[in-house]
Amino acid sequence: MNWLWAIVVGIILGVLARAILPGKQAIPLWLTCLYGILGAIVGNAVAGWIGVRHTGGFDWIRHLLQLAGAVVIVALGTPLWQTIRHGGKRERA
């Protein structure tokens, strides 16, 4: 069941990250999900480092850090995906 939640949260975070970033991110849904999952992992790690991973009530700070991690990973991963997919040639939007 934990993998199912990771996939659901990954899709949500990845789609939100793509909506926040300007322009079009030409990446498939499975990669959006993967980037969202990686963003959640990075956000959880940062939350642990600053001491807000487990708080009483709803963990707003942790979830915002997860979203920020997803935004950064989508922003960095999209050009990398396009470079790999198009053999080093960047596609103009």
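In this predicted model, the side chain of Gln25 comes within reach of a backbone atom: the oxygen of Pro22 lies 3.3 Å away. Gln25 itself sits in the loop that runs between helix 1 and helix 2. With a relative accessibility of 7%, Gln25 counts as buried, because buried means under 20%. From this small spot, the tour below moves out to the whole chain and then to a few other residues worth meeting.

**Around Gln25**
- Which residues does Gln25 touch once its neighbours within four places in sequence are left aside? They are Arg18, Val74 and Thr78.
- Of these partners, Arg18 falls within the range of helix 1, residues 2-20, while Val74 and Thr78 fall within the range of helix 3, residues 60-85.

**The chain as a whole**
- The protein chain has 3 helices and 0 strands, and reading along the sequence gives the pattern α-α-α.
- Helix 1 covers residues 2-20, helix 2 covers 29-50, and helix 3 covers residues 60-85.
- Taken along the principal axes, the C-alpha atoms fill a box of roughly 50 × 25 × 20 Å.
- The chain has 93 residues, and 33% of them count as buried.
- About 6400 Å² of the protein chain is exposed, with carbon and sulfur atoms supplying 71% of that area.
- Looking at contacts between residues at least 6 apart in sequence, 61% join residues that are at least 24 apart.

**A pair of tryptophans**
- How many aromatic pairs does a search of the whole structure find? The search finds 1.
- That pair is formed by Trp30 and Trp81, arranged edge-to-face, with 5.6 Å from centre to centre and 85° between the planes.
- The two partners come from distant parts of the chain: Trp30 belongs to helix 2 and Trp81 to helix 3, 51 residues apart.
- Is Trp30 buried or exposed? Trp30 is exposed, because its relative accessible area of 53% is over 50%.
- Trp81, on the other hand, counts as buried, because its relative accessibility of 18% is under 20%.

**A nonpolar patch on the surface**
- Leu4, Trp5, Val8, Val9, Ile12 and Leu16 together make a nonpolar surface patch of about 530 Å².
- Two of the patch members can be looked at in turn, starting with Ile12, which has its place in helix 1.
- Ile12 counts as partly exposed because its relative accessibility is 46%, a value between the 20% and 50% cut-offs.
- Val9 also lies in helix 1, and its relative accessible area of 30% makes Val9 partly exposed.
- Where does Val9 stand relative to Ile73? Their C-alpha atoms are separated by 15 Å, and the two residues are 64 residues apart along the chain.

**Arg62 in helix 3**
- Arg62 is part of helix 3.
- Is this arginine, Arg62, buried or exposed? Arg62 is buried, because its relative accessible area of 19% falls under the 20% cut-off.
- Setting aside neighbours within four places in sequence, Arg62 is in contact with Asn44, Ala47, Val52 and Arg53.
- Among those partners, Asn44 and Ala47 fall within the range given for helix 2, 29-50.

Technical notes
Residues numbered from 1 in each chain as written. Predicted model: local features only at pLDDT ≥ 70, side-chain atom pairs only at ≥ 80, totals over all residues. Heavy atoms only, no water. Patch = residues over 30% accessible without salt bridge, like charges linked within 9 Å, V, L, I, M, F, W, Y side chains within 5 Å. Areas by Shrake-Rupley, 256 points an atom, 1.4 Å probe, with all protein chains shown as cover. Salt bridge = Lys/Arg side-chain N within 4 Å of Asp/Glu carboxyl O. Helix = DSSP H or I, 4+ residues; strand = E, 2+ residues; numbered from the N terminus. Buried < 20%, exposed > 50% of the residue type's maximum accessible area, 1.4 Å probe, protein only. Polar contact = N/O pair within 3.5 Å; in protein donor to acceptor, adjacent residues only side chain to side chain. Contact = heavy atoms within 4.5 Å. Phe/Tyr/Trp six-rings, centres within 6.5 Å; stacked < 30°, edge-to-face > 60°.
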